[in-house]
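Let's work through some exercises on enclosed cavities. Have the model open and try each task before you read the solution.

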Amino acid sequence: MAKAASGTKARRKKLVIVESPSKAKTIGKFLGSGYKVVASVGHVRDLPKSKLGIEIENDFEPKYISIRGKGEIIKELKKEAKRASKVFLATDPDREGEAISWHLEYLLGIDESEPCRIEFNEITKDKVKEAVKNPRTINKNLVDAQQARRVLDRLVGYQISPLLWRKIKRGLSAGRVQSAALKIICDRENEIRAFVPQEYWTIYAYADKGKGFKATLTTKNGKKLVINNEEEKNAVLRELDPKGYIVRKINERERKVKPFAPFTTSSMQQDASVRLNFNTRRTMRIAQQLYEGIDIKGRGTVGLITYLRTDSVRISAEAKEAAKAYINEHFGEEYHADNVYTNKKKEIQDAHEAIRPANIEIRPEDIKDSLTSDQFKLYRLIWQRFLASRMSPSRFESVQAVIENGEYGFRASGSRLVFDGYRKVYPVKSDDDKDKLLPKLEEGEKLNVTKAEGEQSFTQPPPRYTEASLVKELETLNIGRPSTYAPIVNTLTDRRYVKREKKTLNPTELGFIVDELMENYFKEIVDVHFTAGMEDKLDDVEVKGSDWKQIIRDFYGPFSKELEIADNDIEKVTIEDKPTGENCELCGRPMVIKSGRYGDFVACSGYPECKNTRAIMKPVGVKCPQCGKEIVEKRSRRGRIFYGCSNYPNCTQSFWNKPVEKECPVCGSLFVEKKTKNGTLECSNPECRHRE
C-alpha cells in the first residue's frame, strides 16, 4: 500500500479495522488518539446470494462480490485507509476473521507481503497494545480453510435446495452439516417409535439398624441377576430367609471427583442450556457481548471474557498463575490444584485458549449492576467454571456393604462429602450432594430386615435430543464446528424440519420426508462418518496446508452424478394438509391444519382467496377463573407457549405456566405448574406466589 502523505496530525493516525462497532469502541479507548478504530460490520465481500457464484468449469473458482448494502462502508474504509500511516486488520482470531481480513486486504489494496494482521484472544488494554506491536501477514492456510468450507457448503446448499423446492415445496434447504444433524434427530425418533418396553423388577431389603437403610439385590450365586416378571420376583422373595441377612464384606474408600475442564464453545453452549435455559443462539449472542466489551462502572469499557469460538481447553500460564493467586487468597492453598486437561484434537483446536474471564479479579457480583440479567448469568457461569477448573477435587468417604442371604447377594452403599473442593464455587446437582450414610456395620453381622419387596419397572426408550444433547452428539461425532452449532439448530426449526416441544427437538413430517429423500439420493451428505471425515480434511487445509480445491474436486465428481440421478428419479412429493372436519365460517370451504414457523395452525383450504386462519386450541382441563370458559394452550407471536382463555378477546385471562385444577389455600387463585425438576406448584397470583 502506498505510504500516506504527510500533513495534518489526523493523516498520521494508524487505522485499525474490526468487525463490530462495539468492539471498535472498546479498542479505541485502549489505543488512544494516535489510532482510529473503525468497523467493517462483518463481511464486506462474499459469494452472491442470487446465484451459485462458483465457476465449476474453472476449477471451482469462487466469484466474490462486494456485499449489497456495504458500498458506503467500503467507500469509507478506503478513504480512511488512504489517510492512515498504517492499517491494521483486527478481525476475530479464527478462520472467518482471517477471511474477512483477507477480503479487506484486497479491497484496500494492501500488499499481501505487508504485516497488517493483528489478533488477540481477549480484548484488554495490554493484549491489544501487544498485538499492535506484533503484526503479521495474512495466514493463507486459514483463509483457504474458510474458502473450502464456504465453497463446499455453497455447492451442496445451492444445488440440493432447488431440487427440494421442485420436488417437495418452496422454502426448503439442505446443507452439508444441517442434513447430517437432521438425520441424527430422525434416527433417534425412529428408535423411540420402534422401542418395545421390557419389564423388569428390582428387589429391596429394608434393614432397621441405625436410622434404617435399604439394600438392593444384585446377584445369585455370584452372577448378575435379572428379574423379568412378577412370577420370577415372587419366586425369589419366597427363597429369601427373613432372618438370613449377613454382612459379608465392608469396602471403605475415599472417592475423588475432579473438576470439569474450562469451557470450550460446545461445553459452554451445553451448560448454558442445562443451567440457564439458554438456547445456543442466545448463549453465543451474550458471549459475543462479553467478549467485545461492557461499560463497567469505575473501570470503563472492558472485554470480560476471552474469545468465544474455540475447541481448546488450554489455559495460558499467566491465567493459571492469576487463578492460583486468587484461590490461595480467598479459599486457601488446599483448594488449589494444577489440573491438566487435554484437547480431543491436538492440532487445529489449540489455536485459542479455553473460554475464561479476561481478569479473574473481576468477580460477577462486583459488576452485576453494569450487566444485563443474561450477561450476568453467563459471565458468572464462565467465571465459576474457569475458577473451578483450577481447584482441588471434591472428596467423598464411600462405604459399600455386601450382604448375603443364602445364594443371593445384596449391596448397600453410603457416602459423605468430606471436602468440597471445586464445588465451593461451581455447584453440581447430583446424588452426591446429600450425605447417604450407612450405620456402622461389622463383617459377619446379622441384620434385622423388616421387609423385602419388589418394585416393577420398564426399560425406557432413548430420550429425544435437546439442543444441549444434540450439540454434544455433533461434537462427539466430529460434525460441524462450534460456530456452526447454533445456526444448525435454528435452520432446522426455521425450515420446520424440527419443532421444539419444551426442550426437546422433535422431527416433523416434513423433516422425515426431507431426511428420507436425502438418505436415498445423497447418502454421503447425511452419513455422519463421511461428514466427520470431511471435517478432518477441511482441518488439514489449515493445519497442513492441503490443497483445498483438491478436496472440492474429489467431492464434486460423485456428487454431481447423484444430483442428476435425483432430479430424474424423484417424483413430486405432495404433502397433504390434514382436514379438521369443519368448514370455514367465511367461505364454507373445508378448514385444514397447516404448518407455520411457530407450529401448526388452522387455515381455510381456499387460501389465497380466503385467508381465514386461527390458532389450534388445546384445552388443558381447567376452567377460566374469570368467566368459566375453557383455558387452552396457545402460542405467542414469537412462538412461546402460554395459556389463555378460549373466550378471548372478551376475556383476557392468561398464564405463562400451565394452570392446574387446584386453588391456592392462601388467596384462592389457581395454582400453575412451575417448571422445576420437582414439579412444584405455585400460586398464579404475583402478589402471593405460595408454593406446594
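**Exercise 1: the largest cavity**

The largest cavity comes out at about 50 Å³ in volume. Keep in mind that this is a predicted model.

Task: work out which residues line the largest cavity, and how the lining divides by class.

Solution:
- Start with the list: Ala205, Ala207, Phe213, Ala215, Tyr245, Ile403, Phe410, Leu447 and Val449 line the largest cavity.
- Next, look for the elements behind the lining: β8 (199-207) and β9 (213-220) each give at least two residues.
- Now sort by class, with Tyr, like Ala and Phe, counted as nonpolar. The lining of the largest cavity has nine nonpolar residues, no polar ones and no charged ones.

**Exercise 2: how many cavities?**

Task: use a cut-off of 30 Å³ or more and say how many cavities there are.

Solution:
- With that cut-off, the count is two cavities.
- The second largest cavity has a volume of about 30 Å³.

**Exercise 3: the second largest cavity**

Task: find which elements give two or more residues to the lining of the second largest cavity, then sort that lining by class.

Solution:
- Write down the lining: Ser173, Ala174, Gln178, Ser179, Leu182, Tyr497, Val514 and Met518.
- Match it to elements: α6 (176-194) and α14 (509-521) are the ones giving two or more residues.
- Pick out the main supplier: α6 has the largest share, with three residues.
- Finish with the classes: five residues of this lining are nonpolar, three are polar and none is charged.

Conventions:
Residues numbered from 1 in each chain as written. Predicted model: local features only at pLDDT ≥ 70, side-chain atom pairs only at ≥ 80, totals over all residues. Heavy atoms only, no water. 1 Å grid on protein atoms, 1.4 Å probe; cavity = no way out; pocket = protein on both sides within 12 Å on 5 of 7 lines; lining within 4 Å. Points joined across faces, edges and corners; volume = space filled by probe spheres on them. Helix = DSSP H or I, 4+ residues; strand = E, 2+ residues; numbered from the N terminus.
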